[in-house]
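Q: Please take a close look at one helix in this model. Then set that helix in the context of the whole chain.

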Amino acid sequence: MHGINLKRVTIIGQGLAGSVLAFSLYKRGVQVRIVDNNWKNAASKVAAGMWNPVNFRRMIPGWRVEDLLPSMLKFFSELESELDVKLLHQKHLIRRIPDEASRKLWKNQEEKLQKYSDLKASLAEADAMNWPNGYGIIPSCGVLDIPLFLEKTKRFFINQDAYCMGEFSWNEPLPDDELIISCEGYATRNNPYFNWVPIGANHGEILEIKDPQNWNSSNILNCGKFLFKAPNGVWKAGSVYVPENEQLTPIDGAADEIKEPIEKALKERLSINNITVGIRPTSKDRAPVMGFHPETKNIGIFGGLGTKGVLNAPFFAEQFSEHICNGKEIDREVAIDRFLKKHYDKKN
Ligand SMILES: Cc1cc2nc3c(=O)[nH]c(=O)nc-3n(C[C@H](O)[C@H](O)[C@H](O)COP(=O)(O)OP(=O)(O)OC[C@H]3O[C@@H](n4cnc5c(N)ncnc54)[C@H](O)[C@@H]3O)c2cc1C
């Protein structure tokens with residue numbers, strides 16, 4: 001990186017990735033500038049904002065959760081003080097157990113999950129539902145108020161005179177004496193430097209629900225689909241995950257797919273006030289992607305946060321910042337280099 005001013009970085013895209021990376025660099029004394037085109041279907045604009053340390057499919061602790069969870073809590077708690085705002089809303093997640101086999105699986109995994117789950121806990125709102133196979137609790141979950149975080153981040157960098165609203169064009173000649181980092185979410189595929197990185201577009205939807213009658217809990221309900229009251233007071237339910245689908249309007253049947261298991265769990269019909277659609281940027285192996293272009297060394301990328309943006313962003317943004325500022329190694333499993341041979345070399 002000889003000749004590049006590492007103290008000046010332009011970040012393209014102010015979703016979760018760009019916002020978290022911006023603060024991470026800023027606190028290391030880097031002069032950060034953000035450019036964002038305010039795309040309404042950006043994943044971060046639509047995301048529920050939940051974090052959950054458990055992989056429900058396999059009933060084991062989630063990928064690298066021992067690193068990710070403490071880093072996420074520390075990062076946003078520090079920002080709460082810096083910005084004087086409440087961003088983290090810690091909650092229990094109440095998981096309705098659908099059948100005997102699922103209860104057995106959870107029970108078998110109890111030892112591995114002991115730090116994160118409680119199969120014997122009792123919560124009044126869940127007891128009242130009389131679910132035939134009961135429920136378990138994941139206590140260390142919660143919701144990040146993403147809309148507020150994005151708004152406060154924007155304000156912060158506007159006040160620093162370091163925010164530019166509009167489309168960044170990669171086709172103009174770019175300066176070669178400062179770093180430019182793409183945090184463009186799934187729009188990375190339109191970026192001529194990084195369109196070879198296998199980041200897929202996965203359609204998701206969130207329903208805004210009229211207040212349920214049988215459920216007035218401050219915790220998160222999970223019955224395959226989730227329901228919770230967001231920090232702005234709106235009940236949100238989700239989600240669907242439709243791989244390689246960029247449709248920006250609701251998909252036929254998706255709302256029912258979300259609503260029906262929740263209606264079954266709550267024993268009531270729900271009505272939908274609104275549906276929002278977002279496109280998740282998910283890498284081929286589902287791990288985040290970061291690093292610099294193999295030839296144009298001042299152009300970088302931070303993205304591919306997938307379904308776990310809240311947990312992934314802080315730990316890996318801090319790691320990328322350490323790489324940029326102090327030359328620390330990037331973990332191999334998230335480094336862009338893992339895609340070079342198959343995707344870049346083949347293309348060129
Ligand atoms: C329905 C749904 C529910 C989700 N729920 C959760 C959840 O509960 N918990 C969780 O952890 N994750 C969740 N996610 C995933 C999470 O939203 C993503 O991991 C994360 O938001 C990705 O952030 P990003 O900044 O990489 O991308 P984006 O949010 O897509 O941000 C990219 C930004 O770049 C801007 N941009 C792009 N190109 C340009 C350009 N050329 N010039 C200027 N600006 C540009 C866009 O306007 C946008 O602001 C959910 C996603 C969806 C769709």
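A: In this predicted model, helix α3 covers residues 65–83, 19 residues in total. From first C-alpha to last, α3 reaches 26 Å. The expected value is 27 Å at 1.5 Å a residue, and α3 is close to that.

Next, burial along the helix. The buried residues of α3 are V65, L68, L69, S71, M72, F75, F76 and L79. The spacing of such a list can be read against helix geometry. An α-helix has 3.6 residues a turn, so residues three or four places apart point the same way. In α3, V65, L68, L69 and M72 are among the buried positions. F75, F76 and L79 are buried as well.

What covers these residues? Several elements do, and they come from distant parts of the numbering. The cover includes two helices, α1 (16–26) and α9 (309–326). It also includes the strands β3 (50–51), β5 (60–61), β6 (88–96) and β7 (135–144). After the helix comes D84. The phi of D84 is positive, near 55°.

Take the covering elements in turn. α1 is itself mostly covered, with ten of its eleven residues buried. Those residues are L16, A17, G18, S19, V20, L21, A22, F23, S24 and L25. α9 holds E322. E322 has 15 C-beta neighbours inside 10 Å, so it counts as partly exposed; the buried class starts at 20. E322 and S24 are 298 residues apart along the chain, yet their C-alpha atoms are separated by 9.1 Å. S24 is one of the buried residues of α1.

Now the strands. β3, β6 and β7 all belong to an open sheet of eight strands. The order is β3-β7-β6-β11-β12-β13-β10-β14, and the pairing is mixed. β3 and β14 are the edge strands, each pairing on one side only. β3 runs antiparallel to β7, and two bridges join them. Across that pair, M50 stands opposite V143.

α1 and α9 also lead to the ligand. The shell around the ligand has 44 residues. G13, G15, G185, G204 and G309 come nearest. Elements giving two or more residues to this shell are α1, β2 (31–36), α2 (43–46), β3, β10 (199–209), β14 (272–283) and α9. Three of the elements that cover α3 are therefore on that list: α1, β3 and α9. By type, the shell divides into 21 nonpolar, 17 polar and six charged residues.

One contributor to the shell, β2, has a partner in β1. β1 and β2 are parallel and share five bridges. V9 stands opposite V32 in β2. Strand β1 (residues 5–12) also pairs with strand β9 (residues 178–182), again parallel and over five bridges. There the bridge partner of V9 is L179, and that of T10 is I180. V9 thus has a bridge partner in β2 and another in β9.

β9 is mostly covered, with four of its five residues buried. β9 also runs parallel to strand β16 (residues 299–303), joined by three bridges. I180 stands opposite I299 in β16. I180 is also the bridge partner of T10.

The loop between β9 and β10 offers a contrast, because N190 lies there and, with 10 C-beta neighbours inside 10 Å, counts as exposed. N190 and L6 are 184 residues apart in sequence. In space they are 26 Å apart, C-alpha to C-alpha.

Finally, the whole protein. The secondary structure comes to ten helices and 16 strands. The radius of gyration is 21 Å, close to the 20 Å that the globule rule gives for 348 residues, so the protein is as compact as a globular protein of that length. The C-alpha trace spans about 65 × 40 × 40 Å along its principal axes. Buried residues make up 42% of the 348 residues. Contacts reach far along the chain too: among those between residues at least 6 apart in sequence, 75% join residues at least 24 apart.

Technical notes. Residues numbered from 1 in each chain as written. Predicted model: local features only at pLDDT ≥ 70, side-chain atom pairs only at ≥ 80, totals over all residues. Expected span 1.5 Å × (residues − 1). Buried ≥ 20, exposed ≤ 12 C-beta atoms within 10 Å, placed from the backbone. Contact = placed C-beta atoms within 7 Å. Near = placed C-beta within 6 Å. Nonpolar A, V, L, I, M, F, W, Y, C, P; charged D, E, K, R; others polar. Rg over C-alpha atoms; globule rule 2.2 N^0.38 Å. Pairing = 2+ DSSP bridges.
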